[in-house]
Amino acid sequence: MSEPQLRQLRVGALRPNQLLHTYGIGSVADLPSLSVMPLGLDHWELARATVITEDRLLAAMRAKLGHQVQALRLPPHLPETSDPYAEWARIGVPVALFPAWLRCSDTRCNQLAPVESGLFELVSAPTPDKVRYVHTCRGNGGGRPTAVPARFVLACGNGHLDDFPWSYFAHRGSDPGAGHPLQLSERGSTGETTNIFVTCGQCEAARPISDAIGALADRNLPACRGRHPHLGSYEPCDAPPRTLALGATNSWFAMQAAVFSVPKAEHPVDHLVAEFWPTLSVLAPLPAQTGTMILPTQTCWPELQPHGVDKVWAAIQRRHEAGDAPGGGDWDNLDLHLPEWRAFTASVGAALPDFTTRPEPVPAGHRDWLSQVVLVPRLRRVAALYGFTRIDAPERDVLDTPDQCRAPLSAEPPTWVPCAETRGEGIFLRFAEERIVAWEHDPAVKAREHLLIRAHDKWRAQRQLPPGGWPGLRYLLLHTLAHTLIRELALECGYSASGIGERVYARAGDSPMAGVLLYTAAPDSEGTLGGLVTLGRADRLGPLIDRALHGARLCSSDPLCAEHDPTVHGRLAGAACHACLYAAETSCEGGNHYLDRSLLVDTLADNECGFFR
């Protein structure tokens, strides 16, 4: 069955970041009068989809999706226009109607039918938010009532999504076909599924939606059809289907990889040459006179021009003589964190348009555990979407999420992936490695680690995941500190807590890392306003850390939170809950997993393993 297309009519607008975090390919976007799904990459028009340069992220995408991936692209940019029928208005992200079943909003009708039944008509409007479907009946006042999306859909853990089998469900396993009109109505005021009934107007068969939820779903629902509505395809699937409310948060989880742009060379002109090396490399073997004449004709020349032809040509020759091919050296390394760690911990600050750092003295009173503070007035973050999951969120390191759980973005292997580019500011904190190592070997800390590892193993076993994947105790410590600081920073810097993100650098072994970057970023080319960096000054950062640690000692859910045993139900968090540590999805890179106040400070449980006890 073909998917109902809305590609020829502008029906709404989304920000580029929303197409990666909330309403990406395969998700359901709830518009004022429509519910639509962004289609796969095969359907996208690449006009005005700008190519973004970020070698490390592109290398990671090629390693995950295949070497046919050639580019990172921003979503197609839609120019401002007041005419929704203009040719330019058709440039954007293509969507299809989903779910394809609609319900009449007139409470006296409540008819439920697929859009292809002919009972609904698409009504265009001067503005996109007014586009809607109407039912052919006559409601109050004789007008045609708006048709709204059906309230429930089916999904499975293998990334499939489908329309709810309304007729099959109402008739208890059989589908009598045409001539049996359905209604969806509520028989109570609570809104519970036991009070929501689907009824046949012909044979009067009726059934509550509660029969399709929980333990009853296995015997009352058909097998998963393996449908990918964003691709218009089906595939074999043996996973059990689950009933989800339309717009449920577990119906779509983005699988992203993100990097911060870091210097590729110490001098700004060498960095720019490295940035545009795929274009400039063809000039390197030419004679100097010829190369310098051609250089100003290159598309990247506006960025290079302030440095002058002679300095740029000299940088090209240095790069050429060093034998660095595009993508060579560290850029083929899938360790996305190590180059950033080296850039943030460099002894000398950087001053580039997309990466500016400034060392700051460590606050007095914190020099025994904090070895370095770096202010980052300017940074650039590029995130790429390369898949999604349903039902369960992806692993902490999404690059390690099993492929059978990842839903593809295109029917064929993609040649590009969508990305979003933001600029902003941040504060980088580096822990003293000696203090971290001493804490990790404390007997009380070891005992807590064994408890958390058992909970971690149980969590993976419940999801039939292979053993392993433990991030290490220092990751939990740094991750917990980042969440406590985000809450405190939000009270002082002017940004909401959901607008402050984290990047945790935690690794033991030969190349140890122990640090956190707290940042905020916006799609505006000028970035953010500096309110976060200001709080990183020594005179303000010290008191801020003290207040954050003091607030972490108590939770409004204590003693339940502090005494929580994660092994009982196989949880990935110890003393952590919504009242004390959990952060917004846009803030936490780990899905609010691997958090524990007991590792940070003394709590009511008195585990004696807090780093700051």
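**Entry 1: alanine 455**

I began with alanine 455, which in this predicted model lies in helix α12, a helix that runs over residues 443-462. I looked up its exposure and found alanine 455 buried, with a relative accessible area of 0%. I then asked which residues alanine 455 touches, not counting those up to four places away in sequence. The list I noted is Pro566, Thr567, Gly570 and Arg571. I also took a distance to alanine 71, which stands 384 residues from alanine 455 along the chain, and the C-alpha atoms of the two are separated by 40 Å.

**Entry 2: glutamate 488 and its partner**

Next I turned to glutamate 488, which I located in helix α13, residues 473-492. Is glutamate 488 buried or exposed? Its relative accessible area is 12%, and because the cut-off for buried is under 20%, I entered glutamate 488 as buried. Leaving aside neighbours within four places in sequence, I found glutamate 488 in contact with Leu544, Arg547 and Ala548.

One of these contacts, arginine 547, deserved a separate note, since the side chains of glutamate 488 and arginine 547 meet in a salt bridge at 3.1 Å, N to O. The pair links distant parts of the chain, with glutamate 488 in helix α13 and arginine 547 in helix α15, residues 538-552, the two being 59 residues apart. Whereas glutamate 488 is buried, arginine 547 counts as partly exposed, at 37% relative accessibility.

I then checked glutamate 492, which also forms a salt bridge with arginine 547, the closest N and O atoms being 3.4 Å apart. Glutamate 492 lies in helix α13 and arginine 547 in helix α15, so this pair ties together parts of the chain that are 55 residues apart in sequence. For glutamate 492 I wrote down a relative accessible area of 36%, which makes this residue partly exposed.

**Entry 3: other salt bridges**

I reminded myself that side chains of opposite charge can pair when their charged atoms come close. How many salt bridges does the count come to? I recorded 23. One of the pairs I looked up joins the side chains of arginine 227 and aspartate 163, at 2.9 Å from N to O. This pair again links distant parts of the chain, as arginine 227 is in strand β16, residues 227-228, and aspartate 163 is in strand β12, residues 161-163, with their positions 64 residues apart in sequence. I found both arginine 227 and aspartate 163 buried. I also noted a network of salt bridges that links Glu54, Asp354, Arg380, Glu421 and Arg423.

**Entry 4: the chain as a whole**

Last, I stepped back to the whole chain, whose secondary structure comes to 15 helices and 25 strands. The radius of gyration is 27 Å, close to the 25 Å that the globule rule gives for 613 residues, so I wrote the chain down as being as compact as a globular protein of that length. Along its principal axes the C-alpha trace spans about 80 × 70 × 45 Å.

I entered buried residues as 53% of the 613 in the chain. Of the contacts between residues at least 6 apart in sequence, 68% join residues at least 24 apart. The accessible surface comes to about 27,300 Å², and carbon and sulfur atoms account for 51% of that area. For charge, I noted 56 positive and 68 negative side chains, with the centres of the two sets 3 Å apart.

How values were computed
Residues numbered from 1 in each chain as written. Heavy atoms only, no water. Helix = DSSP H or I, 4+ residues; strand = E, 2+ residues; numbered from the N terminus. Rg over C-alpha atoms; globule rule 2.2 N^0.38 Å. Buried < 20%, exposed > 50% of the residue type's maximum accessible area, 1.4 Å probe, protein only. Contact = heavy atoms within 4.5 Å. Areas by Shrake-Rupley, 256 points an atom, 1.4 Å probe, with all protein chains shown as cover. Lys, Arg positive; Asp, Glu negative; His and termini not counted. Charge placed at Lys NZ, Arg CZ, Asp CG, Glu CD. Salt bridge = Lys/Arg side-chain N within 4 Å of Asp/Glu carboxyl O.
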